[in-house]
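Subject: Helix packing in the model

Hi,

Here is the structure we talked about. Please open it alongside this message, and my notes follow below.

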Amino acid sequence: MNKTLLEYLMNTSGTLSFEQILLNFVVALALGFFIFLSYRLSHSSPVYSPRFNASLLMLTIITTMVMCVIGNNIALSLGMVGALSVVRFRTAIKDPRDTSYIFWCIGVGLCCGVSEYHVPCVGSAVLFLILIFFGAVKNNDRYLLIVHADEVAARAAEKEIHNIYAGKAFLRVRNASRGNVELIYELSRKVMKLLPDRQSINDRLMDLGDVRQVNLVMQSEEVSR
């Protein structure tokens with residue numbers, strides 16, 4: 001029985017013809033290029049990486065190649081799992097969506113490697129529609145207003161900021177040292193619109209006198225990672 005089981009594990013590999021292998025790679029290349037375009041269209045931020053996008057296309061082809069070799073050979077698949085388990089990937093993921101794209105490429109490669117074309121085509125279309133639907137979801141960008149002034153000017157700046165933003169600016173940090181006070185406010189995008197475009201919060205605060213420095217920094221979800 002053990003001998004029969006061993007022969008089954010070693011000989012259950014379906015041999016693919018050259019035409020079938022070529023078709024697998026053509027479909028994988030087409031779907032990989034579709035993923036390439038999807039990633040490019042959905043990443044218009046400064047964190048877009050052309051190299052990472054190109055690696056997604058390569059990952060789809062590589063996964064297809066591995067599946068064409070493995071086929072239905074259980075012994076070879078177990079050996080491949082053991083070989084890949086020693087590889088450690090330390091690529092930093094800047095955007096949580098990048099992880100979904102990696103699994104998308106692997107899933108397409110697995111399906112194309114076993115000549116199942118309907119599943120990756122339908123699945124890729126559904127994923128693309130999901131990306132378009134959630135593309136309208138904006139990042140929860142926050143702004144940090146940092147003010148350096150003396151004690152008297154700092155109190156005046158606090159009153160001015162309270163009046164400008166109708167009390168919706170949250171004071172997160174108030175550091176005081178000899179002759180200097182640091183104020184750090186957190187502002188949302190909605191609160192920022194309370195100040196008319198023709199005015200500048202920097203100019204308003206600098207006009208108070210004895211305000212040494214005013215910085216306005218956008219704390220983006222994507223850039224902060």
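How many residues does α3 have, and how far does α3 reach from its first C-alpha to its last? The helix has 21 residues and reaches 31 Å, close to the 30 Å expected at 1.5 Å a residue. Keep in mind that this is a predicted model.

**α3 and its buried side**

Helix α3 covers residues 50–70. Its buried residues are F52, N53, L56, T60, T63, T64, M67, C68 and I70.

T60 is worth a look. It sits in α3. Its relative accessible area is 0%, so T60 is buried. Setting aside residues up to four places away in sequence, T60 touches A28, G32, I35, C105, V108 and G109.

**α3 against α5**

Helix α5 covers residues 96–113. It packs on α3 at an angle of about 30°, and the two axes are 7 Å apart. Angles under 35 degrees count as roughly parallel, so α3 and α5 are roughly parallel to each other. Their crossing is right-handed.

Who makes this contact? From α3 come F52, L56, L59, T60, T63, T64, M67 and C68. From α5 come D98, Y101, I102, C105, I106, V108, G109, L110, C112 and G113. By type, the contact residues divide into 12 nonpolar, 5 polar and 1 charged.

**α5 against α6**

Now follow α5 to its contact with helix α6, residues 118–133. Here the angle is about 160°, with the axes 9 Å apart. Angles over 145 degrees count as roughly antiparallel, so that is how α5 and α6 run relative to each other. The crossing is left-handed.

On the α5 side, the contact uses Y101, W104, V108, C111 and C112. On the α6 side, it uses V119, P120, S124, L127, F128 and L131. These residues divide into 10 nonpolar, 1 polar and no charged.

Y101, V108 and C112 of α5 appear in the contact with α3. Y101, V108 and C112 also appear in the contact with α6.

**α2 and what covers it**

Helix α2 takes in residues 18–42. It has 25 residues and reaches 36 Å from its first C-alpha to its last, close to the 36 Å expected at 1.5 Å a residue. Buried in α2 are N24, V27, A28, L31, G32, I35, S38 and Y39. What covers them? The cover includes α3, α5 and α6.

G32 is the residue to click on in α2. Is G32 buried or exposed? It is buried, with a relative accessible area of 1%. Leaving out neighbours within four places in sequence, G32 is in contact with L57 and T60. The C-alpha atoms of G32 and L56 are separated by 7.2 Å, and these two residues are 24 apart along the chain.

**One cysteine in α6**

C121 lies in α6. Its relative accessibility is 37%, so C121 counts as partly exposed. C121 and A28 are 93 residues apart in sequence, yet 9.9 Å apart in space, C-alpha to C-alpha. A28 is one of the buried residues of α2.

**Where to start**

Begin with T60, which touches A28, G32 and I35, among others. Then turn to the contact of α5 with α6, starting from W104 of α5 and L127 of α6.

Best wishes

Conventions. Residues are numbered from 1 along each chain as its sequence is written. This is a predicted model: local features need pLDDT of at least 70, side-chain atom pairs count only at pLDDT 80 or more; totals for chains, interfaces and linings use all residues. Side-chain values use heavy atoms; hydrogens and water are left out. Axes are lines fitted to C-alpha atoms, for helices over the stretch in contact, and angles run from 0 to 180 degrees between N-to-C directions. Helices (H or I, at least four residues) and strands (E, at least two) are DSSP runs, numbered from the N terminus. Angles under 35 degrees count as roughly parallel, over 145 as roughly antiparallel, 65 to 115 as roughly perpendicular and the rest as oblique. A crossing is left-handed if the near helix is turned anticlockwise from the far one by less than a right angle, and right-handed if clockwise. Contact means heavy atoms within 4.5 Å. Ala, Val, Leu, Ile, Met, Phe, Trp, Tyr, Cys and Pro count as nonpolar, Asp, Glu, Lys and Arg as charged, and the others, Gly among them, as polar. The expected span of a helix is 1.5 Å times one less than its number of residues. Buried means under 20% relative accessible area, exposed over 50%, partly exposed in between (1.4 Å probe, protein chains only).
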